[in-house]
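This report describes how the parts of one protein chain are arranged and how they meet. It is written to be read beside the sequence and the structure.

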Amino acid sequence: MARETILVVEDEENIRELLRYNLEKEGYRVKVAASGEEALKLARVMPPDLILLDLMLPGLDGLEVCRVLKQDPVTRPLPIIMLTAKGEEADIVTGLELGADDYITKPFTLRVVLARLRAVLRRIQGPMPSYTDVLTHHEMVIHPGRHEVLVAGQAVDLTATEFRLLHLLARRPGWVFTRQQIIQEIHGDDYPVTERSVDVQVVSLRKKLGPAGKYLETVRGIGYRLRE
């Protein structure tokens, strides 16, 4: 039975209580916040294991909450799944760049919420990669054991999903991975995502890698590869 603590940040009471009820039914401990200010207070006093964060909050919106959490050393490691409305692609990319781990678009099903929540928790709590499997690709150095990426000697701050995506491509430079292969390798067969979510992650990863982002190539109609 799951016993992780989930902080649900949602200003719409019916959605907030629906998530609380069903997450508690699945065995999670649940805290709720109806505003960004309340969410920051709860996250700092007793950090949860994961945050479900609505972006459209009154006052301090979800993106600002994400930014503040990722700037605070105490709350920076907390995984965040954004809850967004359809058509908010720019906000999704911004959230991923700020350090959010994933996103779910509204309207959503509880099955999708639970699957993505479990997948993120598995990635965070999963076994440590081998310390010896250090990969070098042009000016990039990837340390799986440290969960660290260096570009021209400078550390790049990546989310768990972005790191796994880059590590997957770097293990076989020049090899084209389809979007479905990427989803399966990074998230597993039970992860109900659209191929578009892979595109969003790649956009964010390219920006974070700076000049080295040019090595992440789109193969039109197929997927992505790391250029040799």
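How many salt bridges are counted between domain 1 and domain 2? The count is 1 salt bridge, and the model from which this value is computed is a predicted one.

**The two domains and their contact**

The domain assignment of the protein chain gives domain 1 as residues 5-125 and domain 2 as residues 135-226. The C-alpha centres of domain 1 and domain 2 lie 23 Å apart, and the contact takes 17 residues from domain 1 and 20 residues from domain 2. The size of an interface is often given as the accessible area lost when the parts come together. Between domain 1 and domain 2 the buried area is about 1500 Å², and carbon and sulfur atoms give 51% of that area. Within domain 1, the residues that lose the most area to domain 2 are Leu96, Glu97 and Arg123, which together account for 36% of what that side buries.

Glu97 also takes part in a salt bridge, with Lys207, in which the closest N and O atoms are 3.4 Å apart. Between domain 1 and domain 2 there are, in addition, 3 residue pairs counted as being in polar contact, with both residues at pLDDT 80 or more. On the side of domain 1 that touches domain 2, helix 4 (89-98), strand 5 (102-106) and helix 5 (110-125) each supply at least two residues. The largest share of that side, 7 residues, comes from helix 5. By residue class, the side of domain 1 that touches domain 2 divides into 9 nonpolar, 1 polar and 7 charged residues.

**Helix 5 and the loop before it**

Side chains of opposite charge can pair when their charged atoms come close. The structure holds 13 salt bridges, and one of the pairs is formed by Arg118 and Glu26, whose closest N and O atoms are 2.7 Å apart. Because Arg118 lies in helix 5, whereas Glu26 lies in the loop between helix 1 (13-25) and strand 2 (29-33), the pair ties together parts that are 92 residues apart in sequence.

The loop between strand 5 and helix 5 contains Pro107. A cis peptide bond joins Lys106 and Pro107, with omega at about -5°.

**Strands 6, 7 and 8**

Strand 6 (residues 135-137) pairs with strand 7 (residues 140-143) in the antiparallel sense over 3 bridges, and within this pairing the bridge partner of His137 is Met140 in strand 7. The hairpin of strand 6 and strand 7 has 2 residues between the strands. His138 is found in the loop between these two strands, and its phi is near 55°, a positive value in a residue other than glycine.

Strand 7 is also joined to strand 8 (residues 148-151) by 4 bridges, the two strands running antiparallel, and here Val141 stands opposite Leu150 in strand 8. Strand 7 and strand 8 form a hairpin with 4 residues between them, and His147 in the turn has a positive phi of about 55°.

**The sheet of strands 10, 12 and 11**

An open sheet is formed by 3 strands in the order 10-12-11, with antiparallel pairing. Which strands lie at its edges? The edge strands are strand 10 (177-178) and strand 11 (216-219), each of which pairs on one side only. Strand 10 and strand 12 pair over 2 bridges, while 4 bridges join strand 11 to strand 12 (residues 223-226). Strand 11 and strand 12 form a hairpin with 3 residues between them, and Gly221 in the turn has a positive phi of about 80°.

The residues that face one another across this sheet are set out below.

| Residue | Partner in strand 12 |
|---|---|
| Phe177 | Tyr224 |
| Glu217 | Arg225 |
| Thr218 | Tyr224 |
| Val219 | Gly223 |

Tyr224 in strand 12 thus appears twice, as the bridge partner of Phe177 and as the residue opposite Thr218.

Methods:
Residues are numbered from 1 along each chain as its sequence is written. This is a predicted model: local features need pLDDT of at least 70, side-chain atom pairs count only at pLDDT 80 or more; totals for chains, interfaces and linings use all residues. Side-chain values use heavy atoms; hydrogens and water are left out. Two strands pair if DSSP finds at least two bridges between them. Domain bounds come from an automatic or database domain assignment. Contact means heavy atoms within 4.5 Å. Buried area is the accessible area (1.4 Å probe) that two parts lose on being put together, summed over both. A salt bridge is a side-chain nitrogen of Lys or Arg within 4 Å of a carboxyl oxygen of Asp or Glu. A polar contact is a pair of N or O atoms within 3.5 Å; within protein, one must be able to donate a hydrogen and the other to accept it, and residues adjacent in sequence count only if both atoms are side-chain atoms. Ala, Val, Leu, Ile, Met, Phe, Trp, Tyr, Cys and Pro count as nonpolar, Asp, Glu, Lys and Arg as charged, and the others, Gly among them, as polar.
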